[in-house]
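Biologist: I'd like a close look at one part of this model, the nonpolar core. Please begin with the burial terms, then place the core in the chain and go through a few residues one by one.

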Amino acid sequence: KRILEKDAVLAAMMAGSSYQRKADREPLFKAGDKVMTKNMHPEGHTRIPRYVRGKPGIIERIHGYHVFPDSNAAGEGENPQWLYQLRFAARNIWGEDHPANDSIFVDLWEPYLEPR
């Protein structure tokens, strides 16, 4: 019986589920918008990497309205938010030694972003 339970859990994990939710509002940003990431240091879980905090970026695309992992991991519910793909100039992240044409792409949720 224990093996059957293990197999059921594995099957459920492999099947996966979507974290996309039905939007109840329009996104604040659109492709091409210039934004600044917030320089934040929250207690607990966050999905904004330290190396992009407080950095300028450009919205490349909108992935949709998704479960916000910060609130979900804290037991505060799904709190869905818009998820964007951002492009950062590598020089803005890693310094002037990097080629001018290099970019870094990071997916970030709307609460991490501010207009610039």
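Modeller: Burial first. A residue is buried when its relative accessible area is under 20%, exposed when over 50%, and partly exposed in between. Try that on Asn-79: its relative accessible area is 38%, so Asn-79 counts as partly exposed. Asn-79 sits in the loop between α2 (69-73) and β3. Its phi is positive, about 40 degrees, although Asn-79 is not a glycine. Keep in mind that this is a predicted model.

Now the frame around the core. The protein chain has three helices and five strands. Along the sequence they come in the pattern α-β-β-α-β-α-β-β. The C-alpha trace spans about 60 × 35 × 25 Å along its principal axes. The radius of gyration is 17 Å, whereas a compact globule of 116 residues would have one near 13 Å. Of the 116 residues, 28% count as buried. Among contacts with a separation of 6 or more, 61% join residues 24 or more positions apart.

The outside can be put briefly. The protein chain exposes about 7800 Å², and carbon and sulfur atoms supply 51% of that area. There are 17 positive and 16 negative side chains. The centres of these two sets lie 2 Å apart.

Next, the core itself. In soluble globular proteins, nonpolar side chains tend to be buried together. Here the largest nonpolar core has 20 residues. Leu-86, Phe-88, Leu-108 and Leu-113 have the most contacts inside this core. At least two core residues come from each of β2 (56-66), β3 (81-89), α3 (90-94) and β4 (103-109). Strand β3 gives the most, with five residues.

Start with Leu-108, which is placed in strand β4. Is Leu-108 buried or exposed? Its relative accessible area is 0%, so Leu-108 is buried, well inside the rule of under 20%. Setting aside residues up to four places away in sequence, Leu-108 touches Leu-86, Phe-88 and Leu-113, among others. Its partners also include Trp-82, Leu-83 and Tyr-84. From earlier in the sequence, Leu-108 touches Thr-37, Arg-47, Ile-48, Pro-49 and Val-52. For a distance, take Ile-62: 46 residues separate Ile-62 and Leu-108 along the chain, and their C-alpha atoms are 9.8 Å apart.

Leu-113 comes next. Beyond its neighbours within four places in sequence, Leu-113 is in contact with Leu-108, Leu-86 and Tyr-84, among others. Its list also holds Phe-29, Ile-59 and the run Val-35, Met-36, Thr-37 and Lys-38. Thr-37 therefore turns up again, as a partner of Leu-108.

Trp-82 gives a view from strand β3. Its relative accessibility is 11%, so Trp-82 counts as buried. Leaving out residues up to four places away, Trp-82 touches Leu-108, Trp-109 and Glu-110. Ile-62, Gly-64 and Tyr-65 are also on its list. So are Ala-23, Arg-25, Glu-26 and Pro-27. The C-alpha atoms of Trp-82 and Ile-48 are 14 Å apart, with their positions 34 residues apart along the chain.

Follow Trp-82 to Gly-64, which lies in strand β2. At 9% relative accessibility, Gly-64 is buried under the cut-off of 20%. Gly-64 touches Gln-20, Gln-81, Trp-82 and Leu-83, residues up to four places away not counted. His-45 is 19 residues from Gly-64 in sequence, and the two C-alpha atoms are 21 Å apart.

Finish at Ser-103, placed in strand β4. How large is the relative accessible area of Ser-103? It is 33%, so Ser-103 is partly exposed. Leu-108, by contrast, is buried at 0%. Ser-103 is in contact with Arg-87, Phe-88 and Ala-90, neighbours within four places aside. Phe-88 ties this residue back to the core: Phe-88 is one of those with the most contacts inside it. Ser-103 and Lys-38 are 65 residues apart along the chain, with 19 Å between their C-alpha atoms.

Methods. Residues are numbered from 1 along each chain as its sequence is written. This is a predicted model: local features need pLDDT of at least 70, side-chain atom pairs count only at pLDDT 80 or more; totals for chains, interfaces and linings use all residues. Side-chain values use heavy atoms; hydrogens and water are left out. Helices (H or I, at least four residues) and strands (E, at least two) are DSSP runs, numbered from the N terminus. The radius of gyration is taken over C-alpha atoms; the globule rule is 2.2 Å times the number of residues to the power 0.38. Buried means under 20% relative accessible area, exposed over 50%, partly exposed in between (1.4 Å probe, protein chains only). Contact means heavy atoms within 4.5 Å. Accessible areas come from the Shrake-Rupley method with a 1.4 Å probe; for residues, only the protein chains shown count as cover. Lys and Arg count as positive and Asp and Glu as negative; His and the chain ends are not counted. The place of a charge is taken as NZ of Lys, CZ of Arg, CG of Asp or CD of Glu. A nonpolar core is a set of buried Ala, Val, Leu, Ile, Met, Phe, Trp, Tyr and Cys residues joined through side-chain atoms within 4.5 Å.
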